[in-house]
Amino acid sequence: MDARPLMEARALVRRYRRFVALDGVDMRLSPGESVALLGPNGAGKTTLLELLAGVARPSEGTVTWNGDGAVRVGWVPQRPAVYQRLTARENLRLFAGLEGAEDPAAEAARLLERADLEAVAGRPAGSLSTGTLQRLNLAVALAGRPAALLLDEPTATLSPDQRLRLWEWLGDLRAADELALVFSTQSVQEAARHGDRMVVIARGRCAFAGGMPELMDRWGSRQDGADADERAFLRLVEGTPA
Amino acid sequence: MSGVLALFAKDLRLLVRAPLMLAVLVGYPLLVALLVAAALQGEDRRPVVALVSLDTPGRTVQVGDRRLSVDDYVDRLREEVDVERLPAGRARQELDAGRVAAVLTIPEGFIADLQSGVRQPTLELVTSRRSPIEGEAIQRRLESAVYRFNQGLAQGYVKQVLQLVDFIVNGGSIAVLGRQGDVVGLVRGRQLILDAQAQLRRQGDARLALRLEPLVTFIDETQNNLDLARPAATAISSPIRLTTREGARGREPLSAFGMAGALLVSLALAGVLLAAAGIASEREENTLVRLRRGLVPLPLVVLEKVLFSALACLVVGMVLLGAVAGLTDLAVGRWAAWPGVLLLAGAAFGAFGALVGSAARETRTALLAALMLSLPLVFVGLIPGDRIGVVADVVPFGPAFDVFRALLADPTLGSVRGPLVLLGVLAAALTALAAVVLRRRATA
């Protein structure tokens, strides 16, 4: 792991009145690293991503990006966050302008090309297919030329071919820009395939942090057969105290 | 602030792309303006003035070569306003009830004073205190009628005076202000005195002839002074004077009240619904999660919606006022004051809408809630009465209505300061409250 992390979160707690959504989570992210947040529904993955993205403030704990130096972070919420009646180009131009781009129109053109959205640049976002809309959602997050992307279940609503294309594109982005990723998912396979590390969140706590082999070593079983990774994950989650 | 401007431009673009919304936003106030125009185009177009004549009927006055009566004066007034002859008591009742816009009283002895040429006859105009702008308009019309009537009278008087001067100088038979007389004339009189002096001297009474000398001097000086009187006579201009005072408070006529009500209903709905829909659509489209990450803080998002509503209300309000001014006789006056007032009222309406929109999760819910909340409150704002007025004053509709009415009906603007301050306070308070609610709802 890099000696100086791109992001470091310490003892994060997030409460909604009496409900504790996140309870003392630590996490680190290195430049260019891909971390998968894995966990069942309601585990606290989205809450953790929102705290890392600065969408919400932690009740306790700290999030430090680049040692509090200037760094841009792209946020890709699970539900596309774009103006449905603006075209793809107008959305990109607007958010590029809000991100402080010197030439928002040129930045929008660059992002359209990068996200392979040129063919639909003049169409309202509301008329785009789910996969294309998710690409636009992701392209908007790239408008600030971020060092890291935080993605909340980016493939949850996509078909297998759309999922495949999205990961190919994200792989290209990582290779080209040394982009760090933190993505949440409910798929153990997706986490294992696209994350350099996994952080398993269960009941608001960090239940595991490491690679797939370590997870299998601790919670796997030889009798599990083809879905051994899923079963190991379930044992991990069910064994996490409330 | 650049983020606010970018969001403002985005909202403007979205509004232009929604032709139905735009049509409702501009078309509805225009429809209201046309309805107001249609209502004012009827019998109320010319103000009705009650005429109370206390002078003796049938009396006339000879001015120059014309014989004038009160009826001649009334006929002149009919060119400007609709005149309804009424007894004094009934005229007062009609003024209090708002059925006539003013009462014009011709006092007893009016024609006699006019005939005297010495006492200046005075008309009395009592206008409604509750419709001063209309009262001012009537006063201007009657002043115009009195001025033209005065001009006619003055010409007659001047002609008479010059004839009189001519007869005093040259002598002859003359009828002045109804009296017949035989004037010797200064020229002939001087000659008669000179002849008498000559005869006295011939008879050896030079002393008596000398005693007549001051008369000759007097005639010469009088002649010189009368030469100066000619231009002075032509300067006579105002034989009749009009005094005006405000009458007791009565019912407010429909025009100012209706216009202020039309403005309130159209602007309140436009401002409240625009802001409510704007905020709610940011939540519905999930864009707040991007904006609040330092791109545009939530209080500035609320502020942008409030400013957008304020500018929309300014445009819609000016269109409505322009339509009313162009299509009706109603004086909307004070064009310089309206933009600021419309902006402030629009901001207050927008802040109210932003508060409703912040509490709602969906645009449709926000619109429905905004409509259901604002409609009764708007109409409460229209109802006079202290108890209901308290309810109306904690939302912007009551103060806005008071300001609109004051701009339309209060020439001194003395009653506008309080509601304006209240509007500003409400706009700021509701904007702050909307920002708090939006923050709580967005993080819930």
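Angles between helix axes under 35 degrees count as roughly parallel, over 145 as roughly antiparallel, 65 to 115 as roughly perpendicular, and the rest as oblique. The model is predicted: local features need pLDDT of at least 70, side-chain atom pairs count only at pLDDT 80 or more, and totals for chains, interfaces and linings use all residues. Residues are numbered from 1 along each chain as its sequence is written, with chains lettered from A in the order in which they are written.

**Stop 1: the interface.** Select chains A and B. 19 residues of chain A are in contact with 16 of chain B (C-beta atoms, placed from the backbone, within 7 Å). Helix α2 (residues 88-98) of chain A gives the most to chain A's side, with 4 residues.

**Stop 2: the helix pair.** Add helix α1 (residues 2-16) of chain B. Its axis and that of α2(A) come within 9 Å and cross at roughly 165°. The two helices are therefore roughly antiparallel. Now pick A:Leu94, A:Gly97 and A:Leu98, which meet B:Gly3, B:Ala6 and B:Lys10.

**Stop 3: α7 of chain A.** Select residues 212-219. A:Met212, A:Leu215 and A:Trp219 are buried (20 or more other C-beta atoms within 10 Å of a residue's own; exposed means 12 or fewer, partly exposed in between; C-beta atoms are placed from the backbone). The buried three cover an arc of only 60° around the axis, which puts them on the same side of α7(A). Turn to the other side: A:Pro213 and A:Asp217 are exposed.

**Stop 4: the cover.** Show α6 (188-194), β8 (197-202), β9 (205-210) and α8 (228-238) of chain A. These are among what covers the buried residues of α7(A).

How values were computed. Two residues are in contact if their C-beta atoms, placed from the backbone, lie within 7 Å. The arc is that of the directions from the helix axis to the C-beta atoms. Axes are lines fitted to C-alpha atoms, for helices over the stretch in contact, and angles run from 0 to 180 degrees between N-to-C directions.
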